[in-house]
Amino acid sequence: MVIYQGVTLGALHVTKDLSDVKRHPTVEDNVIIYARSTILGGNTTIGKGSIIGGSVFITKSVPPFSQVFNTHQVRITTKTSV
């Protein structure tokens, strides 16, 4: 497993009545998690061999060998002369 800087592996809720409940996600073998990603929840599992891109926010499980990326599309359209 490789985890880059600024990654948060945390709980969805933090209250005293949940003190005996698993609150943090499970990260399986051979996973890469890039910088500034957030993975929350005790029932969340990142499947083996997955790649989690930078600045991704996850609250649900990811199947093994998945790739999750946060894409920002920039489209530049040019108008041709008439």
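Isoleucine 3 is partly exposed, at 38% relative accessibility, where buried means under 20% relative accessible area, exposed over 50% and partly exposed in between (1.4 Å probe, protein chains only). The residue belongs to strand 1; strands (E, at least two residues) and helices (H or I, at least four) are DSSP runs, numbered from the N terminus. The model is predicted: local features need pLDDT of at least 70, side-chain atom pairs count only at pLDDT 80 or more, and totals for chains, interfaces and linings use all residues. Residues are numbered from 1 along each chain as its sequence is written, and side-chain values use heavy atoms, with hydrogens and water left out.

Together with Met1 and Leu9, Ile3 makes a nonpolar surface patch of about 270 Å². Patches are made of residues with over 30% relative accessible area and no salt bridge, like charges being joined within 9 Å and nonpolar side chains (Val, Leu, Ile, Met, Phe, Trp, Tyr) within 5 Å. A salt bridge is a side-chain nitrogen of Lys or Arg within 4 Å of a carboxyl oxygen of Asp or Glu. Accessible areas come from the Shrake-Rupley method with a 1.4 Å probe, and for residues only the protein chains shown count as cover.

Strand 1 takes part in an open sheet of four strands, with the order 1-4-7-9 and parallel pairing; two strands pair if DSSP finds at least two bridges between them. Strand 1 and strand 9 (67-68) each have a single partner strand and stand at the edges, so one side of each is left without a neighbour in the sheet. The pairing of strand 1 with strand 4 is parallel and comprises two bridges. Within this part of the sheet, valine 2 lies opposite isoleucine 32 of strand 4.

A further open sheet has three strands in the order 2-5-8, again with parallel pairing. Its edge strands, strand 2 and strand 8, each pair on one side only. Strand 2 and strand 5 run parallel and are joined by three bridges, and threonine 8 has threonine 38 in strand 5 as its bridge partner.

Strand 5 also contains isoleucine 39, which is buried, with a relative accessible area of 0%. Contact means heavy atoms within 4.5 Å. With neighbours within four places in sequence set aside, isoleucine 39 is in contact with Thr8, Leu9, Gly10, Pro25, Ile33, Thr44, Ile46 and Ile58. Leucine 18 is 21 residues from isoleucine 39 in sequence and 18 Å away in space, C-alpha to C-alpha. For serine 61 and isoleucine 39, the separation is 22 residues in sequence and 9.4 Å in space, C-alpha to C-alpha.

Serine 61 is located in the loop between strand 8 and strand 9. With a relative accessible area of 43%, serine 61 is partly exposed. Residues up to four places away in sequence not being counted, serine 61 touches Asn43, Thr44 and Thr45. Serine 66 is likewise found in the loop between strand 8 (57-58) and strand 9, but is buried, with a relative accessible area of 16%. On the same basis of counting, Gly49, Ser50 and Ile51 are touched by serine 66.

A search of the whole structure yields one aromatic pair. The pair consists of tyrosine 4 and tyrosine 34 and is stacked, at 5.0 Å centre to centre with 5° between the planes. Rings of Phe, Tyr and Trp (its six-membered ring) pair if their centres lie within 6.5 Å; planes under 30 degrees apart count as stacked, over 60 as edge-to-face and the rest as tilted. Distant parts of the chain are linked by this pair, the two residues being 30 residues apart: tyrosine 4 lies in the loop between strand 1 (2-3) and strand 2 (8-10), and tyrosine 34 in the loop between strand 4 (32-33) and strand 5 (38-40). Tyrosine 4 is partly exposed at 40% relative accessibility, as is tyrosine 34 at 34%.

Positive phi values were computed for asparagine 30 and serine 55. Asparagine 30, although not a glycine, has a phi of about 55°. Asparagine 30 is in the loop between strand 3 (26-27) and strand 4 and counts as exposed, at 60% relative accessibility. Serine 55, also a residue other than glycine, has a phi near 60°. Serine 55 occupies the loop between strand 7 (51-52) and strand 8 and is partly exposed, with a relative accessible area of 33%.
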